[in-house]
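Hi,

Here is the structure I promised to pass on. Have a look at it first, and then read my notes underneath.

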Amino acid sequence: MKIAIIGVGTVGSAVATAVKNTGCVHEIVLFDRDGTRARAAAEDLGHAATFGFDVNITAVSNYRGIRGSDIVIIAAGANQRPGETRTDLLAHNADVIADIIPRVMANVDARHVKIIILTNPLDVMVMYAQKISRLPSARVIGTGAMLDSARLRTILARHLGVSSQSVNAYVLGEHGDSSVIDWSSITVGALALDDFCRQMHIHLPATTRNTITHRVRNAAYEIIRGRGATWDGIGAAAADLVRCIVNDERRILTVSCVSGVASDAVAMSLPRIVGADGVVASLRPKLSAAESAALRRSGKIIRQNYDSLS
């Protein structure tokens, strides 16, 4: 399995490290317009591979070098700076996607390739990349709310005093400020959230849930404020998505891909079954009336941002 990563900045480098550590790929190609940076990253990661999985890691600054790639991960584009929202990056990163995707498509097998989008604002970039590439929507996938959902599980698990692996919880909609926590479907072990709290004598009022929602939505801003950027979380999410595709695991992940047709088409995160062919199926979880309305609003925001590009 050959993976190409486009853009070897902080995020691209973290993704490369995380993908290498899955052990499920035999070749990683790092592409960057700055060939010196790409070569340095490949050399450093190649040294690290000595301590783990044997992966062939190369660097290129010409798109011909990605030929034969089964999965192409787009990590290029401007990252959020302190005080910026993901939507603030819209116009600049749309230009980045418009430049990259045709060059990628000229050097891959369109019958089989999967493209993973990490560039923000993610859902809009998924729509734009799918339009330009003309690939089936099932094979142009954004990590979407995978990281948001991981943040939710982590924060909620700490409050409940259990492992995050025992919490099944999803963030839906936009990978951004209009994201929606699906409180109605959260389970802890085999129990609905409310049942678990009742048995464990844990109080989880609306004020606490609102605080958790705020922390999930603002986690990236807090990390950017203290660290300058986020990279470890998205690197792990991208690697998990790669592993799911490579091993045809058919796990349910909250990824973003285009659903619907014409003016109703929108990319946003829903629980989706992911396997070797990309997104196999999309699921509609249990939602309250308020959550359903919030999810519709989130979809409208994504679509409006996408329409603003034309």
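Three strands make up an open sheet in the order E7-E10-E11, and their pairing is antiparallel. E7 (167-168) and E11 (191-192) are the edge strands; each has a single partner strand, so one side of each is left without a neighbour in the sheet. Keep in mind that this is a predicted model.

If you want to see how E7 is held, look for the two bridges that join E7 to E10 (residues 187-188). One residue to pick out there is Asn168, whose bridge partner in E10 is Thr187.

Next, the helix H7. It covers residues 206-227, and its 22 residues should span 32 Å at 1.5 Å a residue; the end C-alpha atoms are 31 Å apart, which agrees. Even so, H7 has a kink of about 55°, centred on Asn218.

Which residues of H7 are buried? They are Thr208, Arg209, Ile212, Thr213, Val216, Ala219, Ala220, Tyr221 and Ile224. Their cover includes two helices, H5 (146-160) and H6 (193-200), along with the strands E8 (171-172) and E9 (180-181). Just past the end of H7 comes Gly228, with a positive phi of about 95°.

One last residue: is Glu27, in strand E2 (residues 27-31), buried or exposed? Glu27 counts as buried, because its relative accessibility is 17% and the cut-off for buried is under 20%. Leaving aside residues up to four places away in sequence, Glu27 touches Met1, Lys2 and Ile3, and also Val55, Asn56 and Thr58.

Cheers

Conventions:
Residues numbered from 1 in each chain as written. Predicted model: local features only at pLDDT ≥ 70, side-chain atom pairs only at ≥ 80, totals over all residues. Heavy atoms only, no water. Pairing = 2+ DSSP bridges. Helix = DSSP H or I, 4+ residues; strand = E, 2+ residues; numbered from the N terminus. Buried < 20%, exposed > 50% of the residue type's maximum accessible area, 1.4 Å probe, protein only. Contact = heavy atoms within 4.5 Å. Expected span 1.5 Å × (residues − 1). Bend = angle between axes of the 7 residues up to and from the residue.
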